[in-house]
Amino acid sequence: MIRCICGYMRLDKIRNEVIRDIVKVAPIEDKMRESRLRWFGHVKRRSMDAPVRRCETINIPDGNRGRGRPKKSLDELIRGDLKVVGLTEDMA
């Protein structure tokens, strides 16, 4: 979509980073990280009685595991995002 805004096609073989610099748009990874950390901060500010916070403490029993690599949990994603940004859980 950003290519169309600039008037470029895929045949022009211009890298995505260059087009993002021209339009001055942040990468999708950064925007997703920002929204995840915003949600994380929102949830952490809630009281422990809130349903969202009670869901954090639920223990899920082990069942039949699917084939392949397991998907990352939200906790792992948040931990990685905090590490990339250089924050701690208290700061979020």
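This is a short tour of a predicted model, with a residue or region to select at each stop.

**Stop 1: Arg3**

Start by selecting residues 2–6, which form helix H1, and pick out Arg3 inside that helix. Is Arg3 buried or exposed? Arg3 is buried, yet this charged residue has no salt bridge. Now show Asp12 as well: its side chain is the nearest one of opposite charge to Arg3, and it sits 6.7 Å away. A salt bridge needs a side-chain nitrogen of Lys or Arg within 4 Å of a carboxyl oxygen of Asp or Glu, so that pair doesn't make the cut. Which side chain does Arg3 touch through a polar contact? Add Asn16 to your selection: the two side chains make a polar contact at 2.8 Å.

**Stop 2: Lys13 and Lys24**

Next, select Lys13, in the loop between H1 and helix H2, which covers 16–23. Check its backbone: phi of Lys13 is near 55 degrees, a positive value even though this residue isn't a glycine. Why does Lys13 count as exposed? Because its relative accessibility is 75%, and the cut-off for exposed is over 50%.

Then hop along to Lys24, in the loop between H2 and H3. Lys24 isn't a glycine either, and its phi is positive too, at about 60 degrees. With a relative accessible area of 72%, Lys24 is exposed.

**Stop 3: Asp49**

Keep going to the loop between H3 and H4, where you'll find Asp49. Asp49 is exposed, and its relative accessible area is 64%. Now select Arg20 too and draw a line between the two C-alpha atoms. How far apart are the C-alpha atoms of Asp49 and Arg20? They are separated by 43 Å, with these positions 29 residues apart along the chain.

**Stop 4: the largest pocket**

Finish with some empty space. Rolling a probe the size of a water molecule over the atoms shows where such space is left. The largest pocket holds about 510 Å³. Select Glu56, Ser73, Leu74, Asp75 and Ile78 to find the spot: of the 16 lining residues, these are the closest to the pocket's centre.

Which helices each supply at least two residues of the lining? Colour H3 (28–45), H4 (51–56) and H5 (74–85) to see them. Last, colour the lining by class: you should get 9 nonpolar residues, 6 charged ones and 1 polar one.

Terms used
Residues numbered from 1 in each chain as written. Predicted model: local features only at pLDDT ≥ 70, side-chain atom pairs only at ≥ 80, totals over all residues. Heavy atoms only, no water. 1 Å grid on protein atoms, 1.4 Å probe; cavity = no way out; pocket = protein on both sides within 12 Å on 5 of 7 lines; lining within 4 Å. Points joined across faces, edges and corners; volume = space filled by probe spheres on them. Helix = DSSP H or I, 4+ residues; strand = E, 2+ residues; numbered from the N terminus. Nonpolar A, V, L, I, M, F, W, Y, C, P; charged D, E, K, R; others polar. Buried < 20%, exposed > 50% of the residue type's maximum accessible area, 1.4 Å probe, protein only. Lys, Arg positive; Asp, Glu negative; His and termini not counted. Polar contact = N/O pair within 3.5 Å; in protein donor to acceptor, adjacent residues only side chain to side chain.
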